[in-house]
Amino acid sequence: MTPTTPGAAREIGVGLISVGWMGKLHSRAYQVLPSVYPELGLKPRLVHAADTAQDRADYARDVLGYERASTDYRAVLDDPDVEVLSICAPNILHHEIGIAAAKAGKPFWIEKPVGRSAEETAEVAAAARAAGVATSIGYNYRHAPAVERARQLIAEGGLGRVTNVRATFFSGYASEPKGALSWRFKRDLAGHGALGDLMSHVVDLVSYVVSPISEVSALTSTVYTERPLLPMGSGTHFAVIEDGEMAEVENDDYTAALVRFADGAVGTLEASRVIVGPQCGIGFEIYGTDGSVTWNFERMNELRVALGRSGPDQGYTTVLGNGHMGDYASFQPGPGNSMGYDDLKVIEAKKFLAAVADIEHHNSTIEDAHAVAEVIAAAAASAESGSWQRVPAIPGANFGHPVRS
């Protein structure tokens with residue numbers, strides 16, 4: 001990137017659709033971006049937010065600082081001052097809004113999963129390609145500096161040939177049996193459960209660091225078959241309801257898969273939303289012929305590295321976050337100063353807007369989302385049939401581990 005002169009920043013008008021936790025986080029990421037990445041020469045301007053709940057729309061205007069607020073997302077799409085969109089709505093709306101954003105010619109940053117199925121995701125991808133708009137997907141964990149360092153080590157041959165991978169996303173957000181039956185537990189609103197919500201992050205992470213997944217054998221299970229109802233738009237999926245009306249959980253709580261990677265490695269992937277203990281336990285162990293690396297988000301700023309098969313220093317060395325890892329130096333002045341979840345969204349916002357401005361193209365894309373969706377679809381088909389399923393390759397997905405210049 002070419003440094004810019006202070007005061008010469010280009011304003012980019014931002015629209016937000018859905019003002020829940022993630023919508024607030026996108027907004028904060030945009031607001032922080034100019035101070036973290038002044039060299040970009042970009043200044044997001046919060047223009048127009050929409051949410052079906054009037055109080056959330058008001059919050060966007062009065063607290064987050066959007067110039068205008070509406071209860072219909074179409075008003076955001078129609079606003080000529082909105083140049084880019086953040087789509088943070090429930091899963092059921094991603095397909096509709098993603099296609100509408102593309103047809104409106106608005107580049108968009110959308111949370112995963114883009115569609116409730118591979119077919120829906122492919123349709124959004126086709127619309128984005130036809131419109132020629134930049135896209136970015138909410139696969140925030142791939143941006144952790146330690147993850148970027150692991151990817152670099154593999155690309156440079158530091159681990160030798162990758163042989164096997166273990167990766168998980170163990171989250172306890174639904175471990176409480178009286179946890180509310182939010183939209184996340186309904187198939188028509190969310191699609192899959194842990195398979196679509198959590199495993200999609202795992203698939204993106206290992207595909208980004210290692211290589212695309214080419215074949216899968218999977219199973220799923222539902223641990224709590226009923227939960228108390230939660231009215232749409234009230235509370236979050238962390239809400240607990242005592243003595244509420246019970247209704248059926250329509251998707252999976254747990255999923256596991258055996259996978260084969262395109263580069264010849266094999267692996268096991270797991271995801272659970274009802275596990276007791278881990279809270280945001282997404283991580284990986286990657287083993288090669290000359291070494292291995294392990295990482296877990298709950299210790300986000302540490303990468304455990306083992307290099308070499310002999311010598312005096314066998315076993316793992318814990319490497320602390322430092323300026324040689326990913327975007328770490330943009331946030332912290334020296335090793336060992338911790339970054340957090342919100343910082344990963346700032347990195348994601350930076351990569352999105354840098355792609356929109358044609359400064360650099362290191363963002364996740366709609367093709368990445370489509371590739372992940374095909375793996376999830378193959379896993380669901382395998383869980384249903386009990387057989388291995390091939391995963392179609394998606395051209396343009398930003399997977400594998402090229403060394404960046």
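Is threonine 255 buried or exposed? At 0% relative accessibility, against a cut-off of under 20% for buried residues, threonine 255 counts as buried. Keep in mind as we go that you are looking at a predicted model.

Let's stay with this residue for a moment. Threonine 255 belongs to strand β11, which covers residues 254-261. Its side chain comes to 3.0 Å from the backbone oxygen of leucine 219. Leu219 also appears among the contacts of threonine 255 beyond four places in sequence, together with Thr220. The other partners in that set are Ala194, Leu195, Met199, Leu269, Glu270 and Ala271.

From here, move to the nonpolar interior. The largest nonpolar core has 116 residues, and the members that touch the most others are Phe108, Phe284, Ile286 and Trp295. In soluble globular proteins, nonpolar side chains tend to be buried together. Tryptophan 295 makes a good place to look around: setting aside neighbours within four places in sequence, its contacts include Phe284, Ile282 and Gly283. Tyr141, Ala144, Ala146 and Val147 are also in contact with tryptophan 295, as are Leu205, Met300, Glu302 and Leu303.

Now for a wider view. An unreviewed UniProt entry places a Gfo/Idh/MocA-like oxidoreductase N-terminal domain at residues 13-139. Over this span the chain is 47% helix and 21% strand, with its end C-alpha atoms 23 Å apart.

Finally, a word on confidence. The protein has a mean pLDDT of 94, and 95% of its residues reach 70 or more. Residues 1-5, however, have pLDDT below 50, and this stretch has 11 contacts in the model beyond near neighbours in sequence. Where pLDDT is low, the predicted coordinates should not be read in detail.

Note on methods. Residues numbered from 1 in each chain as written. Predicted model: local features only at pLDDT ≥ 70, side-chain atom pairs only at ≥ 80, totals over all residues. Heavy atoms only, no water. UniProt positions renumbered as here; feature names shortened; annotations may be inferred. Helix = DSSP H or I, 4+ residues; strand = E, 2+ residues; numbered from the N terminus. Buried < 20%, exposed > 50% of the residue type's maximum accessible area, 1.4 Å probe, protein only. Polar contact = N/O pair within 3.5 Å; in protein donor to acceptor, adjacent residues only side chain to side chain. Contact = heavy atoms within 4.5 Å. pLDDT = per-residue confidence, 0-100. Core = buried A, V, L, I, M, F, W, Y, C linked by side-chain atoms within 4.5 Å.
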